[in-house]
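Let's take a walk through this protein together, one piece at a time. Keep the structure open beside you as you read.

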Amino acid sequence: MKKSILSILLALAASLQLMAYTAQEAVDLFVSNSSLRYASLGVTVVDLDSAKAIAGYDQDEAIITASTMKTVVSSAALGLMGPHFRFETPVYLDGVVEDGCFRGNIVIRGLGDPTLGSVYLPNQANIVDEILDALRARGITRVEGTVVGDDTYYGYPYYHNEWEAEDLAYAYGAAVHALSFHDNIMNASFTLDGRGRVSQSTITPPVPGLKVISRCRPNRGRQSITPYMDYSVPALVIAGDASSKSFRGSYANPTPAPMLVDSVERALLRSEIRYDYNATARDELGNADVNLLVLHKSPELTEIITSLLDRSDNMFAHALLRAIGAREWELKGQENMPSNLDSIGVEAVKRWLELQGVGTGPLFMSDGSGLARSNKASVNFFGDMLTMMAGRRFDGVRLCDLMPTASDRVGDTLKNNPLSNNIVLKSGSMRHVQCFVGYYPADEPRYAFAVLVNNYKCSRPAIREQIGTLLCNLFDGK
């Protein structure tokens, strides 16, 4: 009986929350929640017909954005590079071909494509297969030499200097390389012995030269490890307390170029093409020809953006910022990429936004992904940017067309409401941060919204539920 009464009360409370409200009343109800008493938060709701905010709260405060920053770099990439832009990765034969035998180096030149071998874009051309098919097409039945992965187009560091060290080892903290492969992620399994040392380790796909190092304290009563990435070795370093236990997980790969090289070499060894590794074959030739073997092309930018916004892929998003920076650098006639390429990309993004009439004073942008906690913006900035992007088509493509639906991302109240498939949005979350920006309705947006919340005093599911209820109160019946 008590359970039945409780269910009735909860249902009544939910129904009261979803009564008809004006937009400002819905916002006022949301911000009055006790869990937000000490929070930094901003809310804006913009009528796209008038391009004016019809409701809001603390709309000028710059707040940590988390992954909602991905909408900013995605917008600028559409505007600066176009929806049909494709990354290119050339593969060269540096050597000579005689009687079906190639002697020299197969050189894979990385130019910033984050999608090579991506498990998230399985329908794209496989660069490994392309290389073997191109060798066959040239009548090459034997390769005597080496496969080289050229990762020099971007300089070190591969990660943004404001990303936290504790993030760099995890899959979500994968760095951006000129030559990326397999999403710059590896699957590692390792076993620690009674003294906390690594007794066995396996990495798939294989990454030649990568070590797994334990700095764990032996502790039979406590099993708590923390991974770190050491780019200087390179190594996956395990610290903490552990003893006689096996572990498995997905981690960032600090050296994707050797992973790709190894994948090509293994494919050659499995094929009918004879592969004889010879590290000095190219040096023995003297003068040799350099010919294009393959020009691999990534999926179009629209497909990349759709994937990164749906999965909130930090590496893909930051790769777009670096591509924008590289484009800016090359347009000036410069060649060797500078170490501050990220900053150049940020300035290019801001200039483009300003040219579109979007003020960037409230935008504090460090990277393309939002992983750095120094990324901040006001909801007014997002309102202005989303309004501008709602009216812009890039060869028929709008930002809203590439954004995922709310679905089950914003709590059960919205999930169980038909609105969930008629709102498109980008979420952003990190420690003590929960944000959403987006449009309603999905197909022909009439409203744009931004909700940024920092330092809330409740669980993450609870704050998502509150924001979901806000969206229902704002748009139900409209």
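In this predicted model, helix H3 meets helix H7 through Lys70, Val73, Ala76, Ala77, Leu80 and Met81. On the H7 side, the residues they meet are Asn314, Ala317, Leu320, Leu321, Ala323, Ile324 and Arg327. How should we describe such a pair? Two packed helices are described by the angle between their axes and the distance between the axes. Here the axes of H3 (residues 70-81) and H7 come within 10 Å and cross at roughly 40 degrees. Because of that angle, H3 counts as oblique to H7. The crossing of H3 past H7 is left-handed.

From these helices we can move to the nonpolar core. The largest one has 123 residues, and Val72, Leu135, Leu353 and Tyr439 are those with the most contacts inside it. Helix H7 (residues 314-331) gives this core its largest share, 10 residues. Take a moment to find Val72: setting aside its neighbours within four places in sequence, Val72 is in contact with Val349, Leu353, Leu363, Met365, Phe381, Phe382 and Met385. Another core, of 31 residues, lies apart from the largest one, and Leu414, Leu425, Tyr440 and Leu474 are among its members.

Now turn to the sheets. Strands of a sheet pair through backbone hydrogen bonds, either parallel or antiparallel. One open sheet has 5 strands in the order E2-E1-E19-E18-E17, with antiparallel pairing. Which strands stand at its edges? They are E2 (52-57) and E17 (424-430), and each has a single partner strand, so one side of each is left without a neighbour in the sheet. From one strand to the next, the twist averages 10 degrees. Look at E17 and its partner E18 (residues 433-440): the two run antiparallel and are joined by 7 bridges. Within this pair, Gly428 stands opposite Cys435 in E18. A helix belongs in this picture too, for H2 (residues 23-31) lies across E1 (40-47), E2 and E19 (447-454), running at about 20 degrees to E2.

A further open sheet has 3 strands, in the order E8-E7-E12, and its pairing is antiparallel. Its edge strands, E8 (198-204) and E12 (245-252), each pair on one side only. In this sheet the twist averages 20 degrees from one strand to the next. Strand E7 (residues 185-192) runs antiparallel to E12, and 8 bridges join them. You can spot Ser189 standing opposite Arg248 in E12.

Let's finish with two single residues. Thr89 has its place in strand E4 (residues 88-98). Is Thr89 buried or exposed? Its relative accessible area is 0%, so Thr89 is buried. Not counting residues up to four places away in sequence, Thr89 touches Ile108, Arg109, Asp113, Leu116, Ile127, Leu179, Val294, Leu295 and His296.

Gly145 lies in strand E6 (residues 142-150). With a relative accessible area of 0%, Gly145 is buried. Its contacts, not counting residues up to four places away in sequence, are Gly104, Tyr275, Asp276, Tyr277, Asn278 and Ala281. How far apart are Gly145 and Ala279 in sequence and in space? They are 134 residues apart in sequence, yet 5.8 Å apart in space, C-alpha to C-alpha.

Technical notes. Residues numbered from 1 in each chain as written. Predicted model: local features only at pLDDT ≥ 70, side-chain atom pairs only at ≥ 80, totals over all residues. Heavy atoms only, no water. Pairing = 2+ DSSP bridges. Helix = DSSP H or I, 4+ residues; strand = E, 2+ residues; numbered from the N terminus. Axes fitted to C-alpha atoms, helices over the stretch in contact; angles between N-to-C directions. Contact = heavy atoms within 4.5 Å. Buried < 20%, exposed > 50% of the residue type's maximum accessible area, 1.4 Å probe, protein only. Core = buried A, V, L, I, M, F, W, Y, C linked by side-chain atoms within 4.5 Å. Parallel < 35°, antiparallel > 145°, perpendicular 65-115°, else oblique. Left-handed = near helix turned anticlockwise from the far one by under 90°.
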